[in-house]
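Subject: Structure handed over, with notes on what was found

Dear colleague,

I am passing on the structure we spoke about, and I would be glad if you could look through it with the notes below at hand. Please open it first and read afterwards.

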Amino acid sequence: MARFLLRRIISSVLTLLAIITITFFLMHMVPGGPFNSEKMDPVTQANLEKKYGLDKPVIEQYGIYLGNIAQLDLGPSLKLRGRTVNSIISEKFPVSARLGGMTLVFAVIIGVSLGIAAALKHESIIDRLIMLFTTFGISVPGFVVGTLLLVVFGALLNIAPTTWSNNPVNYILPIITYSFYPICFVTKLTRSSMLETLGQDYIKTARAKGLASFAVNYKHALKNSIIPVITYLGPLTAYLITGGFAVEKIFSIPGLGRFFIDSISNRDYPLIMGTTIFLAILVIGINMIVDILYTVVDPRIKLK
Amino acid sequence: MNISKNDRSYTIDKAVTEISSDVYKSPKRPFSFQLDPARIELATADEKQELVIMRESTSLWKDAWRRFRRNHFAMIALAFIIFMFLFAFLGPVLSPYSYDQQIRGSENMMPSFEHPFGTDKFGRDIMVRIMDGTQVSLVIGVLAAFVTLIIGSIYGAISGLASPRVDNIMMRIVEIIYSMPDTLIVILLSIALKAPLDNLLNSYYIFEGIDMIGAPLLSMFFVFAFLYWVTMARIVRGQVLALKEQEFVLAAYAMGAGKGRIIRKHLLLNSMGPIIVTATLQIPSAIFVESFLSFIGLGISAPKASLGSMVNDALNGIYTYPLRLVFPAVTIALIILAFNTLGDALRDVLDPRMKK
C-alpha cells in the first residue's frame with residue numbers, strides 16, 4: 001500500500017510539473033506582451049515589464065515562477081491593477097464550485113437510479129427507453145444542450161430567468177445542462193456493472209436462501225456494482241471543472257470558467273497560467289484521491 | 001489397399017481385418033500397429049475433390065460487412081454520414097451563395113425558399129454557412145483520427161516490442177499525458193500556437209496552399225497530435241503484447257520471417273479491428289473539441305464558419321432569432337451521434353472482445 005501511495009503521488013507531482021512547464025513556456029511563446037499597445041510609450045512599457053519581471057531571461061522567470069507556486073502564490077494580475085490571481089480565484093471559484101458540486105450530486109443520484117432501473121428491468125421497455133436516451137445523450141455536446149434549453153425555456157416559453165442572481169431558480173437550467181452528459185455516462189456504467197453483478201453466483205445463492213429481493217438487489221448487487229461509478233468520479237470532476245467554460249458562458253454565470261475565457265482575450269498571462277495551474281492541481285488531486293479511494297473500497301483491485 | 005468412400009462394397013470390418021492381417025505379417029513385433037508405408041496409395045483426383053470446401057471462404061472484412069448490414073442503426077448512421085459528406089463538399093459548390101457573401105437587403109430573414117435556413121444579421125445564407133461548418137468539422141474529425149492513428153500505432157507498436165525497461169518509460173509518458181486535464185491543454189495550445197502558425201503561414205511562399213486551412217485549424221491538429229494519440233498507443237501496445245506471445249508469431253519466426261514482416265503481416269494486421277474502431281471513435285471526439293473551442297471563441301475565426309462559432313454567434317440573438325441557433329446545434333449533435341453509432345457498430349463487428 002505504501003509503495004502504491006508513493007508511486008501514485010510521484011506520478012501526480014510529475015504530471016503537475018509537466019503542466020506547469022508546458023503552461024509557462026506556451027504562454028511565453030505567444031508574441032505581443034500584455035503591455036503592447038499603440039498608446040503606450042516605450043519607457044512606460046519597459047518600466048512595467050521591469051516591475052513584473054518580464055525583462056529577465058525566460059529561464060530565470062520560470063525558476064521564480066516555480067518558487068512562487070511552491071509557496072502557493074500565483075502572482076499578480078497584469079490587467080486588473082492591484083489584484084492578485086489568488087484573490088481573483090478565491091472570489092470566482094466558489095460560484096463555479098457550488099454549481100459543480102450540485103451537478104455532481106445530481107448527476108450521480110439520477111444516473112445511478114436510472115442505471116439500477118434499467119438493469120433490474122433488463123430488456124423491458126423501460127430499459128430500452130433509458131438506453132435510447134443515454135445513447136443519444138452521450139453524443140450531444142454540453143453547449144448544444146444548454147443553448148437548446150435556452151431556446152425552449154428562454155425564447156419560446158419565456159420562463160427562464162434572463163439574468164444571473166443567486167436565486168435557486170437560476171441553477172435549474174445550468175445544472176440540467178451540466179449534468180446531462182454525466183447522467184448518461186453514469187447510467188450506462190451502473191447498468192452494465194449491475195447486470196454483470198446480478199449474473200454472479202453469490203446473487204443466485206442469496207436468492208436461493210430466500211432473501212428478500214430488495215436486500216439482494218440493493219445490499220448485495222448495488223454495493224458491488226458501484227465501484228465503476230466511484231472510478232468515474234475522477235474524470236467526472238475533471239469534466240465539471242473544465243465543462244464549466246461553456247455552461248457559465250451560456251447562462252452568464254460569474255464563475256471562474258467565464259473569467260478564464262475572458263482573461264484569454266485580455267492576454268493576462270499570469271491569470272491564464274494561474275487559473276490553468278489551479279484547475280490542474282484540482283483535477284490531478286481529485287483523480288489521485290479517487291484512485292486511492294477505490295483501491296481501499298475494492299480489495300480485488302491489485303496495487304500495481 | 002485402396003480405401004475409397006466411393007467404394008460402397010468396402011466395409012469397415014473388412015478394413016480392420018485387412019489392417020490386422022498386415023500387422024500380423026510382421027514377425028518381429030506381433031503387437032505393433034505400425035502400418036507399412038509402402039502399402040499406402042496416394043489419393044485419386046476424385047478423392048481430393050471431396051476435401052475441397054464447397055462454400056467460399058469469407059474474409060474478415062466480408063464477414064464484418066455482412067454482420068454490419070444487419071445493424072439498422074449503423075446503416076442509417078452510415079447513410080447519414082455519406083449524406084453529410086455530400087452536403088458539406090458538394091453543397092457549397094451547388095449553392096448560389098458563398099459563406100461570406102453578404103446579401104444587402106435580406107438580413108435576418110426567416111427560412112424561405114431562397115434561403116432554406118434563413119439569413120443572419122449580415123445577410124449571409126445560413127445553409128451555406130452550415131455546409132462550410134460541416135466541412136470544417138468533417139475535415140478536422142477525419143484528419144485528427146488519421147494523425148492519432150499514425151502516431152498512436154507507431155508509438156504503441158514500439159512500446160509493445162521494446163524491452164520491458166523502455167516500455168515502462170514509454171508508458172509512464174503516456175500515463176502523464178493521459179492524466180492531463182485535456183480541455184485546459186487544448187485551450188492553452190490553441191492560444192499559444194495561433195500566432196506563430198499565422199506568422200509561419202504568411203511568411204513562407206511554400207505554405208500558400210496550407211494557408212487555406214488556416215492557423216486555427218492547424219493548431220488544432222497539433223493539439224490532437226500532442227494529446228489524443230495516447231488512447232491509440234495504449235490499445236496498440238496491449239494488442240502487440242498479447243499477440244507477440246501467440247503461436248502463429250512463433251511459427252512465423254521459426255519459418256524465418258523477418259521482424260518487419262512479423263510486425264506488418266502478423267501484429268498490425270491482427271490488431272486492425274481495435275485500431276479501426278479506436279480511430280473511428282476519435283472522429284466524433286475531435287469534432288466535439290473543435291466545435292467546443294469555436295463556441296468559446298478560440299477556434300475558427302470569422303468570417304470562416306464553424307458549427308461551434310455559429311452557435312456562439314446565434315447565442316446573442318437567441319430571444320429574437322432562436323431558429324438560427326437550432327440549425328447548427330442540431331447538426332453538430334447529429335454528426336457526433338452518427339459517428340458514435342458507426343464506431344460502436346464497428347466495434348461489435350470487428351472486435352467483439354472490446355464490447356463491455
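The notes below go through chain A, then its surface and salt bridges, and then the helices of chain B.

Please keep in mind from the start that this is a predicted model, and that every value here was computed from it.

**Chain A as a whole**

Chain A is built with 12 helices and 0 strands, and when it is read along the sequence the pattern is therefore one α after another, α-α-α-α-α-α-α-α-α-α-α-α. The C-alpha trace of chain A spans about 85 × 60 × 30 Å along its principal axes. Chain A has 304 residues, of which 46% count as buried.

**A nonpolar patch on the surface**

On the surface of chain A you will find a nonpolar patch of about 560 Å², made by A:Val105, A:Phe106, A:Ile109, A:Ile110, A:Val169, A:Ile172 and A:Ile176. Two elements of chain A, α4 (85–120) and α7 (168–198), each give two or more residues to this patch, and the largest share, 4 residues, comes from α4(A). One member to look at is A:Ile110, which lies in helix α4 of chain A and which, with a relative accessibility of 31%, counts as partly exposed.

**Salt bridges**

How many salt bridges are there over all chains? The count comes to 6, and three of them are described here, beginning with one inside chain A.

The side chains of A:Arg191 and A:Asp127 meet in a salt bridge, with 2.8 Å from N to O. Because A:Arg191 lies in helix α7 of chain A and A:Asp127 in helix α5 (residues 125–137) of chain A, this pair ties together parts that are 64 residues apart in sequence. Both ends can be placed by their accessibility: A:Arg191 is buried, with a relative accessible area of 14%, and A:Asp127 is buried as well, with a relative accessible area of 3%.

Another salt bridge of chain A joins A:Lys204 to A:Asp201, and here the closest N and O atoms are 3.9 Å apart. These residues sit 3 residues apart in helix α8 (residues 201–208) of chain A, so about one helical turn separates A:Lys204 from A:Asp201. Are they buried or exposed? A:Lys204 is exposed, and A:Asp201 is exposed too.

In chain B, a salt bridge is formed by B:Asp167 and B:Arg237, whose closest N and O atoms are 2.7 Å apart. This pair links distant parts of the chain, since B:Asp167 is in helix α7 (residues 164–178) of chain B and B:Arg237 is in helix α10 (residues 229–243) of chain B, 70 residues apart. At 10% relative accessibility, B:Asp167 counts as buried.

**Helix α10 of chain A and the loop after it**

A:Ile227 lies in helix α10 (residues 227–250) of chain A, and because its relative accessibility is 11%, A:Ile227 counts as buried. A:Ile227 and A:Ser193 are 34 residues apart in sequence, while in space they are 8.5 Å apart, C-alpha to C-alpha.

In the loop between α10 and α11 (256–265) of chain A you will find A:Ser252. Most residues other than glycine have a negative phi. A:Ser252, although it is not a glycine, has a positive phi of about 40°. At 35% relative accessibility, A:Ser252 counts as partly exposed.

**Helix crossings in chain B**

Two packed helices are described by the angle between their axes and the distance between the axes. In chain B, the axes of helix α4 (residues 72–89) and helix α6 (residues 126–161) come within 8 Å and cross at roughly 120°, and α4(B) and α6(B) are therefore oblique to each other. The crossing of α4(B) and α6(B) is left-handed.

Helix α4(B) also meets helix α15 (residues 323–350) of chain B, where the axes come within 8 Å and cross at roughly 130°, which makes α4(B) oblique to α15(B). The crossing of α4(B) and α15(B) is likewise left-handed.

With best wishes

Terms used
Residues numbered from 1 in each chain as written. Chains lettered and ligands numbered in written order. Predicted model: local features only at pLDDT ≥ 70, side-chain atom pairs only at ≥ 80, totals over all residues. Heavy atoms only, no water. Patch = residues over 30% accessible without salt bridge, like charges linked within 9 Å, V, L, I, M, F, W, Y side chains within 5 Å. Areas by Shrake-Rupley, 256 points an atom, 1.4 Å probe, with all protein chains shown as cover. Salt bridge = Lys/Arg side-chain N within 4 Å of Asp/Glu carboxyl O. Buried < 20%, exposed > 50% of the residue type's maximum accessible area, 1.4 Å probe, protein only. Axes fitted to C-alpha atoms, helices over the stretch in contact; angles between N-to-C directions. Parallel < 35°, antiparallel > 145°, perpendicular 65-115°, else oblique. Left-handed = near helix turned anticlockwise from the far one by under 90°.
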